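Work through the following exercises with the sequence and the 3D structure at hand. Try each task on your own before reading the solution beneath it.

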Amino acid sequence: MPIEVLLKAVFILLVIVAGLAPVITWIERKQSAVMQDRIGANRADIGGLTVLGLLHPLADVIKLLTKEDVVPQGANRFMHLIAPVIAAVPAVVAYAVIPFGGVYTFGNYTISLVVANPDWGLLYIFAIGSIATYGTVIAGWSSNNNWSLLGALRASAQMISYEVTMGLSVVGVFMVFQTLQLQNMVLAQDTTFRIFGFLELVGIPVPGVLDWIRLPAWGVFFQPLGFLMFLTTIMAENKRPPFDTPEGESEIIAGYHLEYSGMRFGLFFMSEFIEVVVIAGLVATLFLGGWALPWLSQETIVGTVSRLFNPEFATGLCAILHFTTFMLKVVFMIWLQMALRWTLPRFRYDQVMDLCWKILLPLSIANILVTGFVLLLVRGAGQ
Amino acid sequence: MSAQQVLFYLFAAFAVVSALGMVLNVRNTVAAALSLVVTMVALAGIYVLLEAHLVAAIQVMVYGGAIVVLFLFVVMLLNLRSDAFAPGRARLQKLAGALLGIALLAQIVRSSVALPAAPPVPPGFGGYRQLGIALYTDYVLLVEIASLLLTAAIVGALILAKRKID
């Protein structure tokens with residue numbers, strides 16, 4: 001069992017941290033170039049081979065690793081050196097509870113494609129996320145620079161505020177799926193529901209044709225407002241534009257990471273990109289059905305394929321399909337975040353706070369109330 | 001020693017050392033606050049070993065995350081220098097603190113010697129389901145009173161803070 005967990009952890013690290021995160025820096029450069037009618041990264045080459053600029057992440061890493069690592073005068077040396085690590089570690093360990101595939105049985109061997117699946121899975125991510133704040137805050141404070149300190153102050157206020165709303169905006173999802181365990185949440189989404197089924201509640205019989213129209217039972221269809229609010233708040237937690245007030249270049253130069261150079265700056269940079277993938281995976285799991293294929297449940301796939309081939313092959317094929325689906329959803333969410341990041345200008349600092357406390361917080365509480373009433377109607381009291 | 005015992009002593013050592021770090025770092029308030037974070041997270045580890053998973057998660061989220069970040073926010077906003085704290089003069093306070101500390105330690109030792117054996121943990125103990133059911137059925141009145149108290153505190157803080165602006 002420990003070997004299995006270790007293998008899954010290594011797989012996640014290889015695919016996401018070592019594989020996907022560097023490619024995202026390239027995606028960001030190329031996507032912004034396309035959006036701004038430029039060519040984008042295309043110069044780094046090995047023997048004249050540029051591969052669409054895909055070698056740029058490699059060149060960046062070599063450059064960052066060989067640069068001098070400066071600690072400013074009057075800085076708190078220990079805190080200054082450790083802050084980037086505190087920022088990067090939570091981003092990586094948050095993957096542990098995000099399922100990248102379902103539960104598969106080969107003969108008498110059952111495997112669940114998630115590294116850890118505690119009963120309180122989503123709370124684990126929130127707990128890890130609240131620790132991530134310290135990397136930013138310590139970095140800003142320990143640099144002994146007024147701009148950095150301002151960045152740290154902005155970061156701590158912003159992240160604390162949005163944590164509250166982030167938690168409240170997904171309560172509706174817990175209520176619909178009645179679990180906090182991410183694997184079970186995806187299993188609950190691996191089905192479909194009748195769009196017009198609610199008519200029967202009000203006493204109107206559903207006409208035959210309409211009764212056939214079904215949607216995948218994904219969180220986004222039950223909690224559209226929750227989806228938008230969760231995406232907004234979790235993007236604000238990541239401090240990327242349009243929520244990048246802690247580093248706001250035009251106001252406080254580079255904010256909390258102003259005094260960092262070399263790979264320590266690179267770690268801040270990397271942790272933001274790793275968090276982009278965490279956000280993509282988490283939103284895909286909570287709202288877009290995770291690894292589940294739309295309209296094709298695991299039973300249907302395995303049942304149909306095992307009529308032609310043996311059941312082990314069917315299950316294996318299903319696992320590959322599920323993993324591919326999950327990665328496609330992750331890539332879609334990464335694309336969406338990049339598109340938002342290059343479309344919207346930065347919020348003013350007071351606008352960020354107003355959005356959180358005056359708009360999103362009341363809306364998320366209203367969302368919980370409405371969800372509660374609807375669930376009471378659908379499932380009846382006493383549940 | 002089982003793995004659980006090793007983990008317990010590890011977390012306990014972390015908690016004690018960082019708690020000392022918090023108390024002894026009187027001059028450097030930020031370092032003291034960060035030591036408090038390590039204490040809180042180490043305590044959360046011990047809660048996990050005690051099967052109180054929800055409490056552990058909330059410990060990290062609320063105490064390890066939100067509250068100490070607020071401490072840090074205030075400390076950084078005031079930008080306290082290390083010489084802002086004069087060397088301790090109040091002998092009497094120190095003496096009273098030491099006496100109370102010794103009394104607390106004696107009480108802890110006295111009661112921990114006479115502890116009964118732990119009862120077996122029922123299935124699902126410490127989960128959000130059990131806690132939620134307990135909070136909203138048996139203890140619903142206490143929850144309501146606490147929420148009223150918190151609302152009063154928020155309104156009071158707002159009034160105190162707003163008085164100068166208007």
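**Exercise 1.** Work out whether the radius of gyration of chain A agrees with that of a compact globule of 383 residues, and then describe the chain further.

*Solution.* Begin with the rule, in which the radius of gyration is taken over C-alpha atoms and the globule value is 2.2 Å times the number of residues to the power 0.38. For 383 residues a compact globule would have a radius of gyration near 21 Å, and because chain A has 23 Å, the value agrees. Next take the extent: the C-alpha trace of chain A spans about 75 × 50 × 45 Å along its principal axes. Then turn to burial, where a residue is buried if 20 or more other C-beta atoms, placed from the backbone, lie within 10 Å of its own, exposed if 12 or fewer do, and partly exposed in between. Of the 383 residues in chain A, 42% are buried. Finally, list the secondary structure, in which helices (H or I, at least four residues) and strands (E, at least two) are DSSP runs numbered from the N terminus; chain A has 15 helices and 4 strands.

The model is predicted, so local features need pLDDT of at least 70 and side-chain atom pairs count only at pLDDT 80 or more, while totals for chains, interfaces and linings use all residues. Residues are numbered from 1 along each chain as its sequence is written, and chains are lettered from A and ligands numbered from 1 in the order in which they are written.

**Exercise 2.** Repeat the description for chain B, which has 166 residues.

*Solution.* First, the radius of gyration of chain B is 20 Å, whereas a compact globule of 166 residues would have one near 15 Å. Second, the C-alpha trace of chain B spans about 55 × 40 × 30 Å along its principal axes, and 16% of the residues of chain B count as buried. Third, chain B has 6 helices and 0 strands, which along the sequence gives the pattern α-α-α-α-α-α.

**Exercise 3.** Find how many residues each chain brings to the contact between chain A and chain B.

*Solution.* Two residues are in contact if their C-beta atoms, placed from the backbone, lie within 7 Å. On this basis, 21 residues come from chain A and 18 residues from chain B. On the side of chain B that touches chain A, α2 (29–49) and α3 (53–78) each supply at least two residues, and α3(B) gives the most, with 14 residues. The last step is to sort that side by residue type, where Ala, Val, Leu, Ile, Met, Phe, Trp, Tyr, Cys and Pro count as nonpolar, Asp, Glu, Lys and Arg as charged, and the others, Gly among them, as polar. The side of chain B that touches chain A then has 14 nonpolar residues, 4 polar and no charged.

**Exercise 4.** Describe how α12(A) is placed against α14(A).

*Solution.* Axes are lines fitted to C-alpha atoms, for helices over the stretch in contact, and angles run from 0 to 180 degrees between N-to-C directions. The axes of α12 (residues 262–287) and α14 (residues 311–343) of chain A come within 8 Å and cross at roughly 120°. Angles under 35 degrees count as roughly parallel, over 145 as roughly antiparallel, 65 to 115 as roughly perpendicular and the rest as oblique, and α12(A) and α14(A) are therefore oblique to each other. The residues that meet include A:Val276, A:Ile279 and A:Val283 in α12(A), and A:Phe326, A:Val330 and A:Met333 in α14(A). The residues of this contact of α12(A) with α14(A) divide into 10 nonpolar, 2 polar and 1 charged.

**Exercise 5.** Which value does phi take in A:Asn144 and in A:Ile253, and where do the two residues lie?

*Solution.* Keep in mind that most residues other than glycine have a negative phi. Phi of A:Asn144 is near 55°, a positive value, and A:Asn144 sits in the loop between α4 (121–142) and α5 (146–169) of chain A. Because 15 other C-beta atoms lie within 10 Å, A:Asn144 is partly exposed. Phi of A:Ile253 is near 65°, also positive, and A:Ile253 belongs to the loop between α11 (249–252) and α12 of chain A. With 14 C-beta neighbours inside 10 Å, A:Ile253 likewise counts as partly exposed.
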